[in-house]
Amino acid sequence: APDHGLADIRTIIHGARTHLKPGARVLLEHGWRQAAAVQGLFHSAGYGDIETWRDYGGNERATIARYSNPVGGALVHE
């Protein structure tokens with residue numbers, strides 16, 4: 001996908017809002033070097049409670065966020 005693979009992720013994040021109830025969560029798997037960018041996309045789209053999870057190899061691999069909550073800081077779970 002264009003934009004270093006983030007174009008499709010951006011489309012999913014923005015498009016999901018039309019299908020989510022307030023408080024619903026979106027979980028996305030992404031490239032191991034994309035966590036900060038994905039967190040930023042969630043944040044700029046109005047999601048909160050943003051957390052990134054690491055895989056068994058210690059790589060930041062999936063990010064989850066809640067829609068319609070106050071936008072807060074991003075967390076990394078190890």
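I looked up R10 first and found it partly exposed, with a relative accessible area of 30%, where partly exposed lies between buried, under 20% relative accessible area, and exposed, over 50% (1.4 Å probe, protein chains only). The side chain of R10 meets that of D3 in a salt bridge at 2.9 Å, N to O, and D3 is likewise partly exposed, at 38%. I took a salt bridge to be a side-chain nitrogen of Lys or Arg within 4 Å of a carboxyl oxygen of Asp or Glu, and by this rule I count 4 salt bridges.

I note that this is a predicted model, in which local features need pLDDT of at least 70 and side-chain atom pairs count only at pLDDT 80 or more, while totals for chains, interfaces and linings use all residues. Residues are numbered from 1 along each chain as its sequence is written, and side-chain values use heavy atoms, with hydrogens and water left out.

Next I turned to R66 and D49, which form a salt bridge whose closest N and O atoms are 3.1 Å apart. R66 lies in strand 3 (residues 60–67) and D49 in strand 2 (residues 47–54), so this pair ties together parts that are 17 residues apart in sequence. Here helices (H or I, at least four residues) and strands (E, at least two) are DSSP runs, numbered from the N terminus. R66 is partly exposed at 21% relative accessibility, and D49 is partly exposed at 34%.

I then checked D55 and R61, whose salt bridge has its closest N and O atoms 3.4 Å apart; D55 is partly exposed at 28%, as is R61 at 25%.

For the strands, I looked up pairing, which requires that DSSP find at least two bridges between two strands. Strand 3 runs antiparallel to strand 1 (residues 25–29), with 5 bridges joining them, and antiparallel to strand 2, with 6 bridges. I64 in strand 3 stands opposite L27 and is also the bridge partner of E51. The hairpin of strand 2 and strand 3 has 5 residues between the strands, and G58 there takes a positive phi near 85 degrees.

Last, I examined helix 2 (residues 35–44), in which A35, V38, Q39, L41 and F42 are buried. Seen down the helix axis, these buried residues fall within an arc of 160 degrees, so they line one face of helix 2; the arc is that of the directions from the axis to the C-beta atoms. The face turned away from the buried side carries the exposed residues A36 and S44. After helix 2 comes G46, with a positive phi near 90 degrees.
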